[in-house]
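Biologist: I am new to reading protein models. Could you walk me through some features, one at a time?

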Amino acid sequence: MTLRLYDSATRSVRPLEPLHPGKVGIYLCGATVQGAPHVGHMRASIAFDVLVRWLRRCGYEVTFIRNVTDIDDKILAKSAEAGVAWWAWAYRFEQEFTAAYDALGVLRPTYEPRATGHVTEMVELMERLLAAGHAYRGEEGNVYFDVSSLPDYGSLTRQALENMTVAEDDAEPDKRDPHDFAVWKAPKPGEPETASWPTPFGRGRPGWHLECSAMARRYLGDTFDIHGGGIDLRFPHHENEQAQSHAAGYGFARHWVHNAWVTTGGEKMSKSLGNSLVVANALERTSAPVLRFALGTVHYRSTVEFSDVTIAEATGSWERFAGFVTRAVERVGEVPAAEIAAKGPAELPAAFVEAMDDDLNISAALAVVHEHLRAGNTALAEQDDVATRDAQLQVRAMLDVLGLDPLAEPWRTAAAGGAESAEREALDALVTAVLTERVAARKNKDWQRADALRDQLAEAGVVVEDGPDGARWQLKGTN
C-alpha cells in the first residue's frame, strides 16, 4: 500500500505523492517561545514524530523542518513584564521546549530555524509581493498583504472573504481593508530597539505568517510535500502563509496535515483558559513514556482528553509492553537495535503496515501490537525461545515506529539511571533477600515459612512467579 493522509485543503484522505521520488519534505509550525511548554504543545510534535518515523521506516529520506518563533507581541510583552531581555526570555523557553521534546522521545528535526535568523529571506519575499501588487506599504515600517488581490484567498479553509471575521486589534487605521494582514510591523512605543530590523520599508519586525513562508522556502524549496501543525493554526496562520507564498509565485505545500487538540474537561488545553499543564510538572507525576503513550497513541486527528483516567490507561499499556520486553530479554537475550531498525514494511505484520498507511491509524496498529504481545507471553509460558525472540523483534519494531520501544532512547537511559533506577535497585535488593530466605525455607521443607514470605511480598504488591529457572518477581499490574 501507499501511505494515505488526510489533506485538510481537499478534506479527503489521499495518497502522499512526493515531489521527488524517495524523498519527503515536511514543514511543521513549531513553538512560539513565550512561556513554558505544556502538554498541549507536545501533541503536534509527537504526532509528526510518528509520521517521520514511519516515512523513514518505509525507506524515505525525510527533511523535517520545525521552526521556532522567537519574536512576537507576546514574547515582547511577557519579557518586559518580567524585566528580562526579550531574546533571553525567548531563548530560555526555547531550551525548555527542547528539553520537553527530548524527554518525550521526539526525534530532533533536520533543522530548527529561528524567525530572527531569517530576516533577509523575509525582506526578499516582501519585495516580491510588493512588486507583484499583492502587498502595500502602510505607515513607516508597516507592510500589509492585500487579500483581495489573490483569487484563491480562503481556499485552504474554504471561506469566502465576506464571511471572515476580523479581530478588533487587526483593524489598523493604515490598512486598505480590515481583512488585510500584517507582513511587516513597525515597532510599538516602548519596545526595545533590538526587537526591530532596518528594511527598505522602514524599521520593524516580521508578521507571524511571513516568517513561516520564508523559512519553508529557504529549507524545502518553492514547493514541498507536507505542511503541518495544530488544527487551530488553519486560520488565519496557515491560510495567510499559503496566500503569501502563492502570491509570490510559489507552489508551497502540496499536502496539509493538521492534528487535533489536547483537552481537559472538554476544553482545549491552553494558557488562556488557565488549564495548561506544564510538561516539566507533568513529568514529576507521570513517567515520560507513559505521557508519550497517552498523547501519541490516539489518532492524530482525534482529540486527546487528558485526565487521570487517560494516564492510568496509558500506564497499564506501557507496563504490559515494557514488562513483556523485559521478560523476553531475560529469556532469550536482547534483539540488537540494528535488527529492529532494519525491519521494513515488508517484514512487519501486514495488518500493522496497512493501519499505518491508512492515515496513521494508530488504534488499529496498536491492536496488532497487542496481538503479538499476547503471542509473546504465550511463547514465554511455553518456553518457546524461537517464538519468544520473534515476538520481541516484532513488538519492539512496531513500538519503535510509535517512538515507544522500551529499549530505545531515551527510555533505555531512563531505565538505566536516575532516581527511578535507584529505587528499583533498592527494591530488587530487598525482594531478592526475601526470596533467598524463601528458597532456604523451602529447601528445609518449612512450607509455612515459605508461604508466609510469599504472602508478605504479595501484600506489598510484589508478584512472585516460580519457574524451572527459579523464582522471578514483578510489581502487580506490570504483566
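Biologist: Which residues does the UniProt annotation "domain: Cysteinyl-tRNA synthetase class Ia DALR" cover?

Modeller: According to the UniProt record, an unreviewed entry, that annotation covers residues 351–410. Keep in mind that we are looking at a predicted model. Over residues 351–410 the chain is 73% helix and 0% strand, and the C-alpha atoms at the two ends are 28 Å apart.

Biologist: Now the sheet, please. What is the order of the strands in the open sheet of four?

Modeller: The order is β4-β3-β9-β10, and the pairing is parallel. β4 (61–66) and β10 (252–259) stand at the edges with a single partner strand each, so one side of each has no neighbour in the sheet. From one strand to the next, the twist averages 25 degrees.

Biologist: How many bridges join β9 and β10?

Modeller: Strand β9 (residues 223–230) pairs with β10 over seven bridges, in the parallel sense. To find your place there, look for His 227, which stands opposite Trp 256 in β10.

Biologist: Which strands does α5 lie across?

Modeller: Helix α5 lies across β3 (23–28), β4, β9 and β10. Relative to β3, α5 runs at about 160 degrees.

Biologist: And how do I read two helices that pack together?

Modeller: Two packed helices are described by the angle between their axes and by the distance between those axes. Let us try α5 (residues 208–220) with α6 (residues 234–247): their axes come within 9 Å and cross at roughly 55 degrees. α5 and α6 are therefore oblique to each other, and α5 passes α6 in a right-handed crossing.

Biologist: Which residues of α5 and α6 meet?

Modeller: From α5 come Trp 208, His 209, Leu 210, Cys 212 and Ser 213. They meet Pro 236, His 237, Asn 240, Glu 241, Gln 244 and Ser 245 in α6. The residues of this contact divide into four nonpolar, six polar and one charged.

Biologist: Let me practise on another pair. At what angle do α1 and α3 pack?

Modeller: Helix α1 (residues 39–57) and helix α3 (residues 86–103) pack at an angle of about 60 degrees, and their axes are 11 Å apart. α1 and α3 are therefore oblique to each other. The crossing of α1 past α3 is right-handed. His 41, Met 42 and Ser 45 of α1 make the contact with Phe 97, Ala 100 and Tyr 101 of α3. Those contact residues divide into four nonpolar, two polar and no charged.

Technical notes:
Residues numbered from 1 in each chain as written. Predicted model: local features only at pLDDT ≥ 70, side-chain atom pairs only at ≥ 80, totals over all residues. Heavy atoms only, no water. Axes fitted to C-alpha atoms, helices over the stretch in contact; angles between N-to-C directions. Parallel < 35°, antiparallel > 145°, perpendicular 65-115°, else oblique. Left-handed = near helix turned anticlockwise from the far one by under 90°. Contact = heavy atoms within 4.5 Å. Nonpolar A, V, L, I, M, F, W, Y, C, P; charged D, E, K, R; others polar. UniProt positions renumbered as here; feature names shortened; annotations may be inferred. Pairing = 2+ DSSP bridges.
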